[in-house]
Amino acid sequence: AGNFQYFVKRDWERELGEEYIDTQIDITESVDPWYVGVKYIDKQSKFYKYEQARLGLTTKIIKVGLAFTDDGTMANFTFKKILKKDTFEYKIYIDFTTDTKSEIWDIKSEARKYLSKRTHIYASFNKEFFNGQVDEQYKVGLGVKL
């Protein structure tokens, strides 16, 4: 059996009276040592959109492969790690895709401090670069598992 992972996010935003819908979908199936997946990003708020089909080799923390787009083939590198110690958890995700014409960076980081089994406080940082466009988000909050 493989390792199936998915991330789906839709944000409804309003900026200076304009309404935007941002959509992110990232689906991956890993069967050691291979992975296959799709990544779809539509950032209406930042005026960019891209779609990729992905294929490559994977370990527990690193993926190296190809990203296929309508414009051609790109190299893809992904690093993902979760560090845990007692009631503290830190997650880091770095995804880089490039060819000779463009590059895409997706960087996510989150720190959590668990107050109980079902409650934590967190701080997160997300930054995405797409050919000169930047989308950056910072969040702090309280998480409760129902």
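Start by selecting Val36 and Leu55: in β4, Leu55 is the bridge partner of Val36. The model on screen is predicted.

**The pairing of β3 and β4**

Widen the selection to β3 (34-43) and β4 (48-58). These two strands, β3 and β4, pair in the antiparallel sense over 10 bridges. The hairpin they form has 4 residues between the strands.

Now select Phe47, in the loop between β3 and β4. Its phi is near 65°, a positive value in a residue other than glycine. Most residues other than glycine have a negative phi. Is Phe47 buried or exposed? Phe47 has a relative accessible area of 67%, so Phe47 counts as exposed, the cut-off for that class being over 50%.

**On to β5**

Next, add β5 (62-69) to the view. The strands β4 and β5 run antiparallel and are joined by 6 bridges. To see one point of contact, select Gly56 and Gly65: the bridge partner of Gly56 in β5 is Gly65. The hairpin that joins β4 to β5 passes through 3 residues.

**The nonpolar patch**

Keep the three strands in view and turn on the surface. Which residues make the nonpolar patch of about 550 Å²? Select Trp34, Val36, Leu55, Leu57, Leu66 and Phe68. Each of β3, β4 and β5 supplies at least two residues of this patch. Val36 and Leu55, the bridge partners from the start of the tour, are both among the patch residues.

Then select Phe68 alone, which lies in strand β5 and belongs to the patch. Phe68 is partly exposed, because its relative accessible area is 35%, and that class runs from 20% to 50%.

**A cis peptide bond before β3**

Go back along the chain to Asp32 and Pro33. The peptide bond from Asp32 to Pro33 is cis, with omega near 5°. Most peptide bonds are trans. Where does Pro33 sit? Pro33 is in the loop between β2 (18-31) and β3.

**A last stop at Asn131**

Finally, select Asn131, in the loop between β9 (119-130) and β10 (133-144). Like the phi of Phe47, which is positive, the phi of Asn131 has a positive value, near 45°, in a residue other than glycine. Asn131 has a relative accessibility of 44%, so Asn131 counts as partly exposed, whereas Phe47 at 67% counts as exposed.

Conventions. Residues are numbered from 1 along each chain as its sequence is written. This is a predicted model: local features need pLDDT of at least 70, side-chain atom pairs count only at pLDDT 80 or more; totals for chains, interfaces and linings use all residues. Side-chain values use heavy atoms; hydrogens and water are left out. Patches are made of residues with over 30% relative accessible area and no salt bridge: like charges are joined within 9 Å, nonpolar side chains (Val, Leu, Ile, Met, Phe, Trp, Tyr) within 5 Å. Accessible areas come from the Shrake-Rupley method with a 1.4 Å probe; for residues, only the protein chains shown count as cover. A salt bridge is a side-chain nitrogen of Lys or Arg within 4 Å of a carboxyl oxygen of Asp or Glu. Buried means under 20% relative accessible area, exposed over 50%, partly exposed in between (1.4 Å probe, protein chains only). Two strands pair if DSSP finds at least two bridges between them.
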